[in-house]
Amino acid sequence: MYLNAFEMNCAGFQSHALWRHPEDNTPGYKSIDYWIHLAKLLEKGRFDAVFLADVLGVYDVYQGSRDPAIVNGVQVPANDPAFVIPVMASVTKHLGFGLTASTTHEHPYTFARKMSTLDHLTNGRIGWNVVTSYLNSAAKNIGLAQQTSHDERYARAEEYMEVVYKLWETSWEEDAVVVNKEKGIYTDPSKVHDIDHDGKYFSVPGNHLCEPSPQRTPVIFQAGASSKGRKFAANHAELVFISSTSAEKTKNIVAAFRQEIVQSGRPADDVKVIAAITPITAPTTEEAQAKYEYYKRYISRDGAFALVGGWTGVDLSKVDPDEKVEYIENDAMRSILKGFAGMTPNEIADEVALGGLGPVIVGDPYQIADELEYWMDYADVDGFNIVYSITPGSFEDFVELVVPVLQERGLVRKEYEEGTFRKKLFGNDQLTKSHPAKQVGRAIVTS
Ligand SMILES: Cc1cc2nc3c(=O)[nH]c(=O)nc-3n(C[C@H](O)[C@H](O)[C@H](O)COP(=O)(O)O)c2cc1C
């Protein structure tokens, strides 16, 4: 069972506004101690990775204002996620890191360097959640009049991938760096290549600045679920996130997605599919239920509406709370708005306020383990994005109570395997030939 901790370097992530809970330590996100504690805890629980979401703007669609998001701490204030990775890597040996970065707002040349640096520093434990972004507020602050249209963002993302693959995979040959002290040669220039990229969106003539890192290309995560997003994920992703309310819906999404992977020319098991889930657990069912009721006392409906406004581009303050929402085509997250069509704002708030889009499961550790096992068998998912209600308490509960049960059932490792993030997942440090990253530009043979 693949286990990912779903996190963000910000105030409130998916459960709004649970930071008011007496045992929650959300404000700790600014401190090194918070991330050190989390990393050690997750490695103790034999998690595969901590995933760091990110957005570059505020959620200002609901009520036409940023205030509901700011008051409720809805993903704002938000710090840069990249900097906490070396902190966590320094106190762990195996935990992987998924960093979210947007193909719409960051230049591929500088971004490729940042990821290679992190892959070196973590000894090959880096993943990248490729997003195309959805907030107008982010686009405007980066100098665009408004957000690039949904489909064009994916067209740009395709070219972005080509650029970074060329930089990571083809620019430096494996044995370019020789550090020959007698001859005075640090790097053999004949083994460092310009990528000569001249496309519609990017022009990158030169070479990558970094020498090859353990994985070269980081493990690719993706979560786009519109038709364009799914196709993009089928082409590029190694880990795909799914957020759906029920095992039944998830089963259909996973089956369709696995077909799409094969149609894109890759073996179905090249990609692992991960479902978001919010577990609430305690030693007994009654205690878990009581905990759930206690959490619900702190939920903010305005916080949930603020989040949904940013996700979907739709201001639910303009819709009667008991009127059904209709799907409209816009430039925000199409897949999420489609999922909400036919629900009323009140139903949407109930769905999202605790744990975001995935289901909340409440029970003793055996009941939680049963439910996770059921999802794996029935819906054919490979693992879970564990969403917290309070931090770090929800992760502590999961690691202390649920992981031992999963380990007893042989579903979670007792000891880590050696090697990079990709090696632990797929058995190889670098991408294999079936992946498009290995098909760009100059072919380099690596082991
Ligand atoms: C589980 C999940 C996590 C996501 N995390 C982020 C994120 O951290 N930052 C971001 O900008 N977009 C995030 N997204 C948005 C998607 O990656 C994608 O850009 C968005 O869904 C729009 O594409 P679509 O219309 O194809 O769904 C996430 C989506 C899902 C379903």
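Helices (H or I, at least four residues) and strands (E, at least two) are taken here as DSSP runs, numbered from the N terminus. On that basis, valine 179 belongs to strand β5, which spans residues 177-180. The model described in this report is predicted.

**Backbone features**

Valine 179 is not a glycine, yet its phi is positive, at about 45 degrees. The residue counts as exposed because it has 7 C-beta neighbours inside 10 Å, and the limit for that class is 12 or fewer. A positive phi also occurs at aspartate 380, likewise not a glycine, where the value is about 65 degrees. Aspartate 380 is placed in the loop between α13 (365-379) and β13. With 16 other C-beta atoms within 10 Å, aspartate 380 is partly exposed.

Cis peptide bonds are found at two prolines, proline 77 and proline 392. In the bond that joins valine 76 and proline 77, omega is about 0 degrees. Proline 77 sits in the loop between α2 (67-72) and α3 (84-90). In the bond from threonine 391 to proline 392, omega is near -5 degrees. The loop that holds proline 392 runs between β13 (383-387) and α14 (393-408).

**The ligand shell and helix α7**

The ligand is surrounded by 22 residues, and the closest of them are Ala53, Ala223, Gly224, Ser226 and Gly229. By class, the shell consists of 9 nonpolar, 10 polar and 3 charged residues. At least two shell residues come from each of β3 (96-102), α7 (227-236) and α11 (334-340).

Helix α7 is mostly covered, with 7 of its 10 residues buried. These buried residues are Lys228, Gly229, Arg230, Phe232, Ala233, Ala234 and His236. Gly229 thus appears both in this list and among the residues closest to the ligand. The cover over the buried residues of α7 includes the strands β4 (126-131), β9 (219-222) and β10 (239-242), together with the helices α6, α8 and α11. Of these elements, α11 is also one of the contributors to the ligand shell.

**Helix packing**

Two packed helices are described by the angle between their axes and the distance between the axes. The table gives these values for two pairs.

| Helix pair | Axis distance | Crossing angle |
|---|---|---|
| α7 (227-236) and α8 (247-263) | 8 Å | about 55 degrees |
| α4 (108-121) and α6 (150-170) | within 9 Å | roughly 50 degrees |

The angle between α7 and α8 makes this pair oblique, and the crossing is right-handed. On the α7 side the contact is made by Arg230, Lys231 and Ala234, and on the α8 side by Phe257, Glu260 and Ile261. This contact comprises 3 nonpolar and 3 charged residues, with no polar ones. Two of its α7 members, Arg230 and Ala234, are also listed as buried.

Helices α4 and α6 are likewise oblique to each other, with a right-handed crossing. Here α4 contributes Pro108, Phe111, Ala112 and Ser116, while α6 contributes Tyr160, Val163, Val164, Leu167 and Trp168. The class count for this contact is 8 nonpolar, 1 polar and no charged residues. An α-helix has 3.6 residues a turn, so residues three or four places apart point the same way. Contact positions such as Ala112 and Ser116 of α4, or Val163 and Leu167 of α6, may be viewed in the structure with this periodicity in mind.

**Two individual residues**

Phenylalanine 398 is located in helix α14. The residue is buried because 25 other C-beta atoms lie within 10 Å, where the threshold is 20 or more. Apart from neighbours within four places in sequence, phenylalanine 398 is in contact with Gly45, Pro279, Thr281, Ile386 and Val403. Between phenylalanine 398 and isoleucine 280 the C-alpha separation is 8.2 Å, although their positions lie 118 residues apart in sequence numbering.

Lysine 200 occupies the loop between β7 (197-198) and β8 (203-204). With 9 C-beta neighbours inside 10 Å, lysine 200 counts as exposed. Lysine 200 and glutamine 430 are separated by 230 residues in sequence and by 28 Å in space, C-alpha to C-alpha.

Key. Residues are numbered from 1 along each chain as its sequence is written. This is a predicted model: local features need pLDDT of at least 70, side-chain atom pairs count only at pLDDT 80 or more; totals for chains, interfaces and linings use all residues. A residue is near a molecule or strand if its C-beta atom, placed from the backbone, lies within 6 Å of it. Ala, Val, Leu, Ile, Met, Phe, Trp, Tyr, Cys and Pro count as nonpolar, Asp, Glu, Lys and Arg as charged, and the others, Gly among them, as polar. Axes are lines fitted to C-alpha atoms, for helices over the stretch in contact, and angles run from 0 to 180 degrees between N-to-C directions. Angles under 35 degrees count as roughly parallel, over 145 as roughly antiparallel, 65 to 115 as roughly perpendicular and the rest as oblique. A crossing is left-handed if the near helix is turned anticlockwise from the far one by less than a right angle, and right-handed if clockwise. Two residues are in contact if their C-beta atoms, placed from the backbone, lie within 7 Å.
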